[in-house]
Amino acid sequence: MRRTFRLLGLVGVGLLAAIAMPMGATASTPPPITFQMSIYDSCLAGLSAHGATINVTWRDSAGMLKTKGSVVADSYGEWTFCGTGAHAVMPGDLVKVTDGAYIRNYVVPNLTIRADRVSQTYEGTGPAGRTIKLWIPNGDWERSHAIRVTKDGSWSFAPMNGLGGSYITDYTGYVEWTSPNSDRLSAFAFYPTFGVTLGKSGFYGTTGGFGDVTATISGARDGQGTATGNGAGDFQGVFSDSSGKPVVVSPGDRVTAPAVASDADFVVPEIQGSVDKTTEVVSGKCFNTGTAANYVGVTVVRPGGHVRGASTWDIAPDGTFVADFSDFTNGFSTEHANIKTGDRIKVNCFQTTGDFARLTFVVK
């Protein structure tokens, strides 16, 4: 799903409180419907009375209808509404829910988070003057960090131990705001990465949710490509030259993607790889073009797309590696990869930044 959205300014806290408060309710009386959802998620969610029928009208910040329908809260009072079509929860979205005679209107606050791997900081937007909480998976996951959003609706935080997680984890940060009406809104940050595949013209990686990316390639042929991340920040694009023809990635090419990170800039290495089906060993070499890391990622994929095995291995000082899939108790699965003819092997030669160049080949 690739869509570019315009983020509107912050909604005043007073306005949120006013539109969220039902007729006759007081500040000490919790509303019968509360929201619990994440920015860029594809569904709305919340809490209500057990068995209540929740009628939902979901519009974008400009008032255009996204979807509408109804859902019944489960035995715990939880409800989730995804509606029809592909949508994402965006700052400024307008949500109207009804439960019988009760009506609640909600404007999704402008809560965002982005991880900057160069400065090792988190930054984003939030309700002006409010306190949000940040969790980082770097050893102190149980302890949240309280962050005060500035009057202009921005915030930043530089943890002492740097960013949590890495390119091999699902996410590197999680921020949440609980409103005076007990609504909980969250957002996730994913570790920024950029990758290319030898012999292909495509590029891909992860950036901030719905972030725009421009990537360049220079070498025997120069090219450029653009892409937009999805809700999780995943993006993919194609390098093309000035005439629109695809530019294939080759060893020695220099690739950059400054919107992902200012240091997403490396020279593509030569990569060698082979597999022995009998021993289930993938071996090869990641050549060093000046920024090589000391590990390689190897993935075994069945023809239908099922990942049979995936993990990272150390590489020797000369760049060689041996990935043994015969004993995979410390990898993606406790089963043997059972490498077969027709499987696709992906070898990611990581750079010190976490970016990578990939070699893919089919098992003969």
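Which strand does isoleucine 103 lie in? The points below answer this and then turn to the residues around it; the model is a predicted one.

1. Isoleucine 103 is part of strand 7, which covers residues 102-107. Its relative accessibility is 43%, so isoleucine 103 counts as partly exposed, because that class lies between the buried limit of under 20% and the exposed limit of over 50%.

2. Leaving out residues up to four places away in sequence, isoleucine 103 touches Lys96, Val97 and Thr98. Isoleucine 54 is 49 residues from isoleucine 103 in sequence, and their C-alpha atoms are 10.0 Å apart in space.

3. Threonine 57 belongs to strand 3, residues 53-59. Is threonine 57 buried or exposed? With a relative accessibility of 18%, threonine 57 counts as buried, because the cut-off for buried is under 20%.

4. Once residues up to four places away in sequence are set aside, threonine 57 touches Leu65, Thr67, Lys68, Leu94, Val95 and Lys96. Lys96 is also among the residues that isoleucine 103 touches.

5. Valine 95 is in contact with Thr57. Besides that residue, and apart from neighbours within four places in sequence, the contacts of valine 95 are Phe35, Leu44, Val56, Trp58, Arg104, Asn105, Tyr106 and Val108.

6. The largest nonpolar core has 40 residues. Those with the most contacts inside this core are Leu44, Trp79 and Val95. A second core, separate from that one, has 39 residues, including Ala257, Phe266, Cys349 and Leu359.

Technical notes:
Residues numbered from 1 in each chain as written. Predicted model: local features only at pLDDT ≥ 70, side-chain atom pairs only at ≥ 80, totals over all residues. Heavy atoms only, no water. Core = buried A, V, L, I, M, F, W, Y, C linked by side-chain atoms within 4.5 Å. Buried < 20%, exposed > 50% of the residue type's maximum accessible area, 1.4 Å probe, protein only. Contact = heavy atoms within 4.5 Å. Helix = DSSP H or I, 4+ residues; strand = E, 2+ residues; numbered from the N terminus.
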